[in-house]
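Dear colleague,

Here is the structure I promised to pass on, with its sequence, so that you can have both open while you read. My notes on what was found in it follow below.

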Amino acid sequence: MEVRLKILYTSLCHTDVFFWEAKGQNPLFPRILGHEAGGIVESIGEGVTDVEPGDHVLPVFTGECKECVHCKSEESNMCNLLRINTDRGVMIHDEKSRFSINGKPIFHFVGTSTFSEYTVVHVGCVAKINPLAPLDKVCVLSCGISTGLGATLNVAKPPKGSTVAVFGLGAVGLAAAEGARIAGASRIIGVDLNSNRFELAKKFGVTEFVNPKEHNKPVQEVIAEMTDGGVDRSIECTGHIDAMISAFESVHDGWGVAVLVGVPTKDAVFKTHPINLLNERTLKGTFFGNYKPRSDLPSIVEKYMNKELELEKFITHEVPFTEINKAFDYMLKGDGLRCIIRMDG
């Protein structure tokens, strides 16, 4: 049930940096990072029927076995067999690695390990896409952009004309804003500690900007004043627990919905007064934008092909693989959004 892929383009996501810095739960070493990518099937193992050599695919850090209760549920994308596992550094089939150097294993990362010219992935983590789609653009759909877009379109579901607040204006947050723009939101309020991000955010439909550092009261109070009681929907894309609480407390009572996207530190605890829920606010969480990788990613690629979704504006840098360290430098400096890494360079 395994597929060997020739990776053509990969991009750097903050999760790679997080694990490279060994801030993940249980760091493994040595390990090949990388999980946002596009490539071509080079060969297939026994039992694989869904893809064949030459197919254009996106490898995904979470999977879809199509057999478990989650895969059979219309509401869930959290496959029992293949959901993300940051601790596992081996393949499920035989609990061994497919990478080695001098006879010693090198560990896998979230089942993808795309910072490599070739990688081996479980077929359930491979989305077959339109071969006409440019892989150097659609590769960003295999993680961050789909996560933010789906958080808005599939989970928050803002009605046309509604107000939306997005906390954190990195690539995922701007994809959430893009989702709000596509849904027809009338106001999209961007919240970020870095005011330099607002100018770029306007391209993604953000109409107003709040920097919590510029106010002497909690940001939820600032938003409540701006919106006559709170926004209709909020999407939290930072992973900071204070931002999560603010995002929830900034939605309007009676109908407001807050969606958590960012991944918190393992010791974080969400605290709010129960009256905030009793007053008919809703708190939701999402994982990969509630998209099932194999079933749903091909249609998001088609949205791009039909010009309903623009991906170019998420891509701010491009480097050859030999200069991958530059991609890390850009992200550590907060310079730009996505950096595409060309494997042929």
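Before the notes on the pockets, one convention is needed: Ala, Val, Leu, Ile, Met, Phe, Trp, Tyr, Cys and Pro count as nonpolar, Asp, Glu, Lys and Arg count as charged, and the others, Gly among them, count as polar. Please also keep in mind throughout that this is a predicted model.

With that convention, the lining of the second largest pocket divides into 12 nonpolar residues, 1 polar residue and 2 charged residues. This pocket has a volume of about 340 Å³, and of the 15 residues that line it, those nearest its centre are Phe19, Trp20, Phe29, Arg31 and Leu33. Two elements, helix H1 (14–20) and helix H11 (324–333), each give two or more residues to the lining of this pocket, and the largest share, 5 residues, comes from H11.

The search for enclosed spaces gave 1 cavity of 30 Å³ or more. The largest cavity has a volume of about 180 Å³, and 15 residues line it, with Arg88, Ile92, Val110, Gly111 and Cys125 the closest to its centre. By class, the lining of the largest cavity is made up of 9 nonpolar, 4 polar and 2 charged residues.

Turning to the chain as a whole, its secondary structure comes to 11 helices and 15 strands. The radius of gyration is 20 Å, close to the 20 Å that the globule rule gives for 345 residues, so the protein chain is as compact as a globular protein of that length. Taken along the principal axes, the C-alpha atoms fill a box of roughly 60 × 40 × 40 Å. Of the 345 residues, 52% count as buried, while the accessible surface of the chain comes to about 15,700 Å², of which 51% belongs to carbon and sulfur atoms. Where contacts join residues at least 6 apart in sequence, 68% of them join residues at least 24 apart.

Two residues may serve as places to start when you look at the interior. Val191 belongs to strand S9 (residues 187–191), and with a relative accessible area of 4% it falls under the 20% cut-off, so Val191 counts as buried. Once its neighbours within four places in sequence are left aside, Val191 is in contact with Val166, Phe167, Gly168, Leu169, Val210, Pro212, Val219 and Ile223. One of these partners, Val210, is 19 residues from Val191 in sequence, and the two are 4.9 Å apart in space, C-alpha to C-alpha.

The other residue is His56, which lies in strand S3 (residues 56–59). Its relative accessible area is 19%, and the cut-off for buried is under 20%, so His56 also counts as buried. With its neighbours within four places in sequence left aside, the contacts of His56 are Gly39, Ile40, Ala127, Lys128, Ile129, Pro131 and Leu135.

Finally, helix H8 (residues 241–249) has Ala243, Met244, Ile245, Ser246, Ala247 and Phe248 as its buried residues. The cover over these buried residues of H8 includes strand S8 (163–167), helix H7 (219–226), strand S11 (233–236), strand S12 (257–260), helix H9 (275–278) and strand S13 (282–285).

With best wishes

Terms used
Residues are numbered from 1 along each chain as its sequence is written. This is a predicted model: local features need pLDDT of at least 70, side-chain atom pairs count only at pLDDT 80 or more; totals for chains, interfaces and linings use all residues. Side-chain values use heavy atoms; hydrogens and water are left out. On a 1 Å grid over the protein atoms alone, a cavity is a set of points where a 1.4 Å probe fits but cannot get out, and a pocket is an open set with protein on both sides within 12 Å along at least five of seven lines; lining residues have an atom within 4 Å of a point. Grid points are joined across faces, edges and corners, and a volume is the space filled by probe spheres set on the points. Helices (H or I, at least four residues) and strands (E, at least two) are DSSP runs, numbered from the N terminus. The radius of gyration is taken over C-alpha atoms; the globule rule is 2.2 Å times the number of residues to the power 0.38. Buried means under 20% relative accessible area, exposed over 50%, partly exposed in between (1.4 Å probe, protein chains only). Contact means heavy atoms within 4.5 Å. Accessible areas come from the Shrake-Rupley method with a 1.4 Å probe; for residues, only the protein chains shown count as cover.
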